[in-house]
Structures are given as C-alpha cells and as structure tokens.
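Take a look at the protein below. Let us walk through it step by step, from the overall fold down to single pairs of side chains.

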Amino acid sequence: MDMQINIGNRINFFVKPYNKTALPLIAHIVAGVFGYAIFFGVLWLFYRSIILSTIIAIFMVPMAIVLNINMAKAKRLKKLMGQFKSLLESLVVSLQAGSTDLDAFINALEDMRLMYSEQSDIAKEVNLIIVKFSNRETIGEALEDFAKRSGLQDIILFANVYKLIEGKGDKTSEIVIRTQRILSDKIEIETEIKTLASGALMEINIIALVPILIVAVMGFMGGDLMSSLFTPVGNVVATIAIGIFIGAYALGRKLANIKV
C-alpha cells in the first residue's frame, strides 16, 4: 500500500500545475527582449526621446513577460480542453460496450497515449486517476482533484456530476453518456463561437496598428508637421492618447472574448 501511495505522489509531481508556466528561462528572456524592442520603438515614435523611451520601455518588460506567460497558460488549457473532449468520447465508447468505470478509464488511458503521447497532460491525469483508485480513492474524488487543479468549468461540471452519481445504481453509465453528449455539444459550440470571434480579434489587432502607422508615416515625412507633438505639452497629450488607446484595445479584446 505504501508503494502505491508513493507511486501516486510521484506521478502527481510530474503533472505540472496548470496555474504555473512550464516555459524555460530562455523563453522569458526572449519575451522580455522582444517586448522591450517593440515598446521602445513605439514610444520613440510618439516621444522622439531615447532616454524617455528607454526608461519607460524597461518598466514595460515585466508586462511583456507576464503576457507571454498568460498566453502559454491559455494555450495549454485550450489544448487540455480538446484532450478532455477526446477522453469523454473514449469513455463513452467503453461504457457503451459494457465496461466498468475503471476499465473505461484504463481503456481511455491507452487511447490518450496513442492520440497525444504518454507525456501529454490528459494521459498523466488519467494515469493519476487510476493510481488514486488503486489507493482506495473513488474515481469521483480523483476527477474532482483534476477539475480543481485545471480550473476549467467543463471538467468541474463533469467531475461534480460523476461524483454525485458514482455507485448509485445501474444508471451511472447512462448518465455519464448523457453528460458527455451535453458537454461535447457545449465545447463544440464554444469552439465555433471562438472561431467567429477570432475574426473580430484580428480586426482589433489591425486597428491597433493604425495609429502607430499614422504617427510613423507623418513623423518621417519631414518638415514641421509633427514638431508640436514632440514638445512637453505634446508629450502629455501623447501620453493621454496612448492611455486611451490601450484602454480601448483592452476593452475590445474583452468584448470579443465570448464565453458560453
């Protein structure tokens, strides 16, 4: 029994927390350098001051690193959601064939290893569920732990339903199958909505480049066309304009991020 518990702990160690980034140090360095270069270039276009642009851009580097981390987290969770959908489909096939709940997860583990590799998050999670069951935890409890760590509402819903009905009659498989169908439809609808919303996000990103391009073109046209912008008063006005622009961009992305 002690050996089984140690195995479970060791597997849990290799399931990296979903609220932390798994990016190597070099990725953070690249994100920081790339972010600094972009911020410096944009600030120089608006202020034409190397010192001011350098100072502000340095303070913006942490934001670039955080954005990169958040993007990596979102990408991982998005991939996990797709893998979880495949897990549900595999479970349903096994349950419809008359397998027990444990056998269904064992069969699903093999399917996840074939589809996504043994090192994928979903394969590790299913493996951990099986090991926890051998350590006398229920599948519902193991699913609940997985759901809490992932923070994904669809997984939380499935875990709650499974824990509620587990071991309470012959209808368990039927209810799991119905839940899978509902969640699969929900995931598919959400995917279609995000695909449609991606067009709006692309438009927002393009619009975000327009003010920068206008300032760049007008600034390099020569003459005194933009000279008033590079005065102290002009810098204040430019700062206010940049703040409004960033706020509008963030609001636009938030509105385009539709959740089901």
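**A tour of the fold**

The protein has 9 helices and 0 strands. Keep in mind that this is a predicted model. Read along the sequence, the pattern is α-α-α-α-α-α-α-α-α. The protein has 260 residues, and 33% of them are buried. About 15,900 Å² is exposed, and carbon and sulfur atoms supply 68% of that area.

How do the contacts spread along the sequence? Take the contacts between residues at least 6 apart in sequence. Of these, 67% join residues at least 24 apart.

Now go inside. The largest nonpolar core has 35 residues. Phe-84, Leu-87, Phe-105, Leu-143, Ile-155 and Phe-158 have the most contacts inside this core. Which elements build it? Those giving two or more residues are helix 3 (50-96), helix 4 (101-116), helix 5 (121-134), helix 6 (139-150), helix 7 (153-165) and helix 8 (172-219). Helix 3 gives the most, with 8 residues.

Pick out Phe-105 from this core. Leaving aside residues up to four places away in sequence, Phe-105 touches Leu-91, Val-126, Ile-129, Ile-130, Ile-139, Leu-143 and Tyr-162. A second, separate core has 14 residues. Among them are Leu-43, Tyr-47, Ala-57 and Ile-242.

Tyr-47 also leads to Asn-235, since Asn-235 touches Phe-46, Tyr-47, Leu-229 and Phe-230, not counting residues up to four places away in sequence. Asn-235 lies in helix 9 (residues 232-256). Is Asn-235 buried or exposed? Buried means under 20% relative accessible area. Asn-235 has 18% relative accessibility, so it counts as buried.

Next, move to the surface. Leu-25, Ile-26, Ile-29, Val-30 and Val-33 form a nonpolar patch there. Together they have about 490 Å² of accessible area. Val-33 is found in helix 2 (residues 25-47). Exposed means over 50% relative accessible area. Val-33 is exposed because its relative accessible area is 53%.

Helix 5 deserves a closer look. How far apart are its end C-alpha atoms? The helix has 14 residues, and at 1.5 Å a residue it should span 20 Å. Its end C-alpha atoms are 20 Å apart, so the two values agree. Of these 14 residues, 11 are buried, so helix 5 is largely enclosed by the rest of the structure. The buried residues are Asp-121, Ile-122, Ala-123, Lys-124, Glu-125, Val-126, Leu-128, Ile-129, Ile-130, Val-131 and Lys-132. Look at the names: the buried set includes Asp-121, Lys-124, Glu-125 and Lys-132 as well as Ile-122 and Val-126. Two of the residues that Phe-105 touches, Ile-129 and Ile-130, appear in this set too. Just after the helix comes Arg-136, with a positive phi of about 70°.

Finally, turn to the charged pairs. The whole structure holds 9 salt bridges. In one of them, the side chains of Glu-125 and Arg-149 meet at 2.7 Å, N to O. Glu-125 lies in helix 5 and Arg-149 in helix 6, so this pair ties together parts that are 24 residues apart in sequence. How covered is each partner? Glu-125 is buried, with a relative accessible area of 1%. Arg-149 counts as partly exposed, at 24% relative accessibility.

Glu-144 forms a salt bridge with Lys-163, and the closest N and O atoms are 2.7 Å apart. Glu-144 lies in helix 6 and Lys-163 in helix 7, so the pair ties together parts that are 19 residues apart in sequence. Lys-163 is partly exposed, with a relative accessible area of 38%.

Arg-149 also has a salt bridge to Asp-145, the closest N and O atoms being 3.0 Å apart. Both residues lie in helix 6. They are 4 residues apart, about one turn of the helix. Asp-145 is partly exposed, with a relative accessible area of 26%. Which residues do shared partners join into one network? The network consists of Glu-125, Lys-132, Asp-145 and Arg-149. Glu-125 and Lys-132 are buried residues of helix 5, while Asp-145 and Arg-149 belong to helix 6.

How values were computed
Residues numbered from 1 in each chain as written. Predicted model: local features only at pLDDT ≥ 70, side-chain atom pairs only at ≥ 80, totals over all residues. Heavy atoms only, no water. Buried < 20%, exposed > 50% of the residue type's maximum accessible area, 1.4 Å probe, protein only. Contact = heavy atoms within 4.5 Å. Areas by Shrake-Rupley, 256 points an atom, 1.4 Å probe, with all protein chains shown as cover. Patch = residues over 30% accessible without salt bridge, like charges linked within 9 Å, V, L, I, M, F, W, Y side chains within 5 Å. Salt bridge = Lys/Arg side-chain N within 4 Å of Asp/Glu carboxyl O. Core = buried A, V, L, I, M, F, W, Y, C linked by side-chain atoms within 4.5 Å. Expected span 1.5 Å × (residues − 1).
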